[in-house]
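User: I want to learn how structural labels are justified. Can you take me through some of them?

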Amino acid sequence: MKTALTLALAVALLFPVSAQAQRAPTITVMTRNVFLGADLSPAINAQTIPQAIDGAGTVWNELQATKFAERAVPLAREIRASKADLVGLQEVALWRKQTPSDGGAPPINPGASPATEVEIDFLAELRKHLGNSYRVVVVQEEFDAELPVDADGNDATGNAALSGADFDARLTMRDVILVRRGSKVKVGKTRRGHFRTRFEPTIAGLFKLPVDRGWASVEARVGKRQFRFVNTHLEAFGDPKIREAQAKELTRGPLKTKKQVVLVGDLNSGVKRHNQPERPGDDLAFKALAKFGLKDNGAVQSCCYPSLFDANAVFDHTVDHVLTKPGLRTVRAFVTGKDPSARTPSGLWPSDHGGVVSRIRLRR
């Protein structure tokens with residue numbers, strides 16, 4: 001009996017409880033805003049129809065200049081190098097066009113036909129360069145709108161009745177979840193939804209444009225340990241109380257579970273340690289999630305380059321986050337997309353954001 005007790009004590013000394021706790025598995029997650037390709041403000045903020053059509057031309061020409069087909073190469077390289085088990089992508093745009101212009105599409109022009117000719121599909125480009133390393137788990141479509149475009153800035157060309165519109169351009173925004181092939185993380189049921197609270201600018205003082213944003217989630221497990229992975233993109237424009245309300249919708253929706261939760265995404269919000277707020281109220285959404293009990297497991301300084309062509313640009317604040325509930329331990333976290341060697345042959349950064357990669361330890 002004494003010998004058995006002595007052996008048991010020896011085993012306890014060799015393998016303490018802390019070591020047992022360390023056997024809880026780690027997972028690596030990533031959030032990556034790939035940049036839709038253009039600033040939409042010239043079209044969204046237009047005061048007249050001709051200004052909106054000219055603004056759409058500015059947007060379209062910027063899209064061409066920011067060459068996603070080039071940027072997809074370093075973005076895919078980043079994702080593969082991260083070896084993230086799960087990746088949440090934002091601004092995975094689908095751009096389509098229609099020639100000649102018939103005046104846009106609903107809700108701007110209820111009688112017109114939506115554009116269907118694909119100009120560039122960001123997801124298809126990324127998948128081409130990711131190869132077999134990752135597969136798509138869920139795609140959530142968000143904002144979808146179309147405007148006439150005067151791309152050459154000449155009212156004498158194109159549709160004279162539409163201030164020289166050369167064609168119609170349609171943007172569909174998407175958020176995507178990827179899983180690494182061969183990952184120990186197994187994925188199951190997916191869910192997705194739109195926020196009830198949304199930004200609704202009035203274009204040219206005439207047309208209200210609903211800007212849908214939302215979230216997507218997947219039930220996941222490593223062995224017997226289950227967790228929910230949620231990807232989101234909160235509103236960037238308008239009153240910051242809009243994104244605060246969207247954050248609170250998350251706490252009443254996909255984040256409301258007894259499972260361990262990992263939330264990733266572009267929250268367009270942060271707190272003082274992230275060099276936030278940029279403007280009064282920019283911290284509201286992050287604080288709402290922190291009050292709900294989410295812990296910050298990310299890396300700071302992931303945003304934002306004012307121009308993809310600016311070789312000297314640096315990240316100076318944080319809107320891209322990895323958050324967990326109950327709070328999980330961060331093993332390592334870092335930011336991608338800031339190494340000059342990742343710039344494309346045209347001198348473009350992969351995105352105006354950096355990616356945030358976090359290796360975290362699940363609870364037992």
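Analyst: Start with two helices in this predicted model. Helix 5 (residues 68–82) and helix 6 (residues 122–130) pack at an angle of about 50°, and their axes lie 8 Å apart.

User: Why are helix 5 and helix 6 called oblique to each other?

Analyst: Look at the angle, about 50°. Under 35 degrees would count as roughly parallel, and 65 to 115 as roughly perpendicular. The value fits neither range, so helix 5 and helix 6 are oblique. Their crossing is right-handed.

User: Which residues of helix 5 and helix 6 meet?

Analyst: Helix 5 brings Phe68, Ala69, Arg71, Ala72, Val73, Leu75, Ala76, Ile79 and Arg80. Helix 6 answers with Phe122, Glu125, Leu126, His129 and Leu130. By class, this contact has ten nonpolar residues, one polar and three charged.

User: What makes strand 11 mostly covered?

Analyst: Count its buried residues. Buried means under 20% relative accessible area. In strand 11 (residues 225–233), seven of nine residues are buried.

User: How do you know that strand 10 and strand 11 pair, and in which sense?

Analyst: Pairing needs at least two bridges. Strand 10 (residues 214–222) and strand 11 have eight, so they pair, in the antiparallel sense. One of these bridges joins Ser217 to Val230 in strand 11. The two strands form a hairpin with two residues between them. In the turn, Gly223 has a positive phi of about 60°.

User: What about strand 11 and strand 12: how many bridges, and in which sense?

Analyst: Strand 11 and strand 12 (residues 260–266) share seven bridges, in the parallel sense. Arg228 has Val261 in strand 12 as its bridge partner.

Notes: Residues numbered from 1 in each chain as written. Predicted model: local features only at pLDDT ≥ 70, side-chain atom pairs only at ≥ 80, totals over all residues. Heavy atoms only, no water. Axes fitted to C-alpha atoms, helices over the stretch in contact; angles between N-to-C directions. Helix = DSSP H or I, 4+ residues; strand = E, 2+ residues; numbered from the N terminus. Parallel < 35°, antiparallel > 145°, perpendicular 65-115°, else oblique. Left-handed = near helix turned anticlockwise from the far one by under 90°. Contact = heavy atoms within 4.5 Å. Nonpolar A, V, L, I, M, F, W, Y, C, P; charged D, E, K, R; others polar. Buried < 20%, exposed > 50% of the residue type's maximum accessible area, 1.4 Å probe, protein only.
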